[in-house]
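Trainee: Could you take me slowly through how one reads a helix, a buried residue and a pocket?

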Amino acid sequence: MTNARLAGGGDRVVWGAGLFALGGFADRVGLTEALSAAVPPRGERAPVHDRGRVLVHALLMLAGGGEACTDIEHLRAQREMFGDVASDSTLYRTLTGLGASGAAALLGAAAAVREPLWASADRSRPLVVDIDSTLVEVHSENKAGAAPHYKGGFGFHPMICSTAQGEPLWLKQRPGNAAANHIGDHLEVLDAAVAMLPAPDAAGHREGDDPDLVERPLVVRIDTGGCSAKLAEGLRDRSIGYAISARSAPAIQAAIRGALGEPGRWHNAPKRPDQRKRRGAQVAELTDLADLSGWPERTRLVVRREPLHPGAQRSLFPSENFRYWGFYTDQTGHPAQLDKLMRSHADIEDAVRRLKDSGLARMPFTDWHANSTWAAMCMTGLALVGWFQTACLTGALAKAAPKRLRWQLWHLPALVCHSARRVLLRLPEQHPGARALLAIAHPR
């Protein structure tokens with residue numbers, strides 16, 4: 001223990017300077033205004049609290065680690081920083097009052113902000129998005145839509161679409177017993193995610209669009225839950241490229257067996273994220289050895305093998321030496337580079353982890369639509385944090401997970417000072433999070 005001692009009497013120290021900066025960023029990029037427009041007041045009288053401001057405060061609450069409406073009270077305790085914050089009952093009425101349109105309203109507001117933020121994006125390269133589903137456990141039978149799932153638990157099974165960089169685009173709330181391989185859900189989520197993209201990125205990627213309208217190629221990566229030629233056909237109808245993990249099947253096993261005697265077919269696989277070769281891992285294209293008659297034209301089959309290790313997942317091909325894994329794709333390029341592209345699909349697991357650490361691990365309402373709105377609010381909050389990290393932070397904090405951001409940035413203390421009728425927040429300059437916030441407030 002140190003020689004430091006605790007003493008009372010201080011009344012000018014506040015916490016949450018980082019959340020204050022995040023709220024200011026939400027105002028500057030137009031998210032508060034977009035949410036106000038997306039959630040108009042009901043009734044003849046104007047509400048005491050603007051609904052856009054209420055929702056932004058809720059996003060700050062989630063970034064700070066909140067898990068329920070009652071956690072908004074922590075912001076209410078810091079009036080000098082966050083202003084007039086709505087009560088937990090007002091937040092509850094706001095979220096439950098949005099009804100069936102709540103999720104679309106929140107994600108649509110995020111899309112309106114995304115348009116200018118992506119204005120300077122490099123559109124010379126394809127936009128890659130990922131689709132995956134996850135389980136959200138609940139411990140109450142009173143929540144509408146909660147059901148037993150395939151892992152023996154009980155809860156919900158939402159399906160998520162995000163960019164390869166982890167920016168969330170769309171979430172479809174689903175009951176716990178929803179199938180992971182539901183092709184209709186995959187296409188529905190993808191169509192909704194495309195609608196959330198800026199116009200240059202979405203052009204030509206809606207069902208039935210003329211392929212000549214495409215301004216930027218779009219590629220979707222999906223795990224074995226989407227392993228279906230029917231899904232690939234639906235993607236082709238939308239001029240969307242694909243990389244879909246393959247399931248074990250006799251045709252694939254026959255193709256792998258036929259390639260075992262051709263050592264020249266196998267190429268050393270590069271290691272992520274750099275280009276150095278990974279010891280023992282090899283990639284081969286088996287398109288000419290597999291029966292792909294049911295798949296769209298130009299579909300390729302790429303298979304990867306690597307030495308077995310303890311805890312290795314199930315293999316496409318029985319072997320005592322290697323684990324085999326493969327995928328279908330319509331993309332051009334060397335098999336090793338396509339393998340690297342597909343293996344990066346695992347990054348969506350990080351996005352799902354961040355989403356669950358930003359409020360999705362709980363569904364706090366009994367109403368189905370309210371929980372859908374809550375999930376969309378978690379998506380919007382994570383998008384806001386990602387925009388802030390990209391625009392304002394550098395180094396480790398620019399890629400930090402939610403937990404680290406809370407410890408080093410969002411919960412940063414500050415000293416309240418008054419000068420010329422203004423409230424100033426003085427930060428401990430030696431703190432790395434404080435240095436980041438000061439650089440935002442006073443750029444050189």
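The dialogue below takes up these topics in turn.

Mentor: Please keep in mind that this is a predicted model, in which local features need pLDDT of at least 70 and side-chain atom pairs count only at pLDDT 80 or more, while totals for chains, interfaces and linings use all residues. Residues are numbered from 1 along each chain as its sequence is written, and side-chain values use heavy atoms, with hydrogens and water left out.

Trainee: How many residues does helix 8 have, and what should they span?

Mentor: An α-helix has 3.6 residues a turn, so residues three or four places apart point the same way. Helices here are DSSP runs of H or I with at least four residues, strands are runs of E with at least two, and both are numbered from the N terminus. The expected span is 1.5 Å times one less than the number of residues, so the 13 residues of helix 8 (residues 183–195) should span 18 Å, and the 19 Å between its end C-alpha atoms agrees with this.

Trainee: Which residues of helix 8 are buried?

Mentor: Buried means under 20% relative accessible area, exposed means over 50%, and partly exposed lies in between (1.4 Å probe, protein chains only). Among the buried residues of helix 8 are Ile183, Leu187, Leu190 and Val194.

Trainee: Where is histidine 205 found, and is it buried or exposed?

Mentor: Histidine 205 is in the loop between helix 9 (199–202) and strand 8 (218–222), and it is buried, with a relative accessible area of 0%. Leaving aside neighbours within four places in sequence, its contacts (heavy atoms within 4.5 Å) include Val194, Arg216 and Ser239. A polar atom of the histidine 205 side chain lies 3.1 Å from the backbone oxygen of serine 239.

Trainee: How is empty space found, and how much lies in the largest pocket?

Mentor: Rolling a probe the size of a water molecule over the atoms shows where empty space is left. On a 1 Å grid over the protein atoms alone, a pocket is an open set of points where a 1.4 Å probe fits, with protein on both sides within 12 Å along at least five of seven lines, and lining residues have an atom within 4 Å of a point. Grid points are joined across faces, edges and corners, and a volume is the space filled by probe spheres set on the points. The largest pocket holds about 1700 Å³ of space. Its lining has 46 residues, with Thr163, Ala164, Gln165, Gly166 and Glu167 closest to its centre, and helix 14 (368–392) gives the most to that lining, with 8 residues.

Notes
A polar contact is a pair of N or O atoms within 3.5 Å; within protein, one must be able to donate a hydrogen and the other to accept it, and residues adjacent in sequence count only if both atoms are side-chain atoms.
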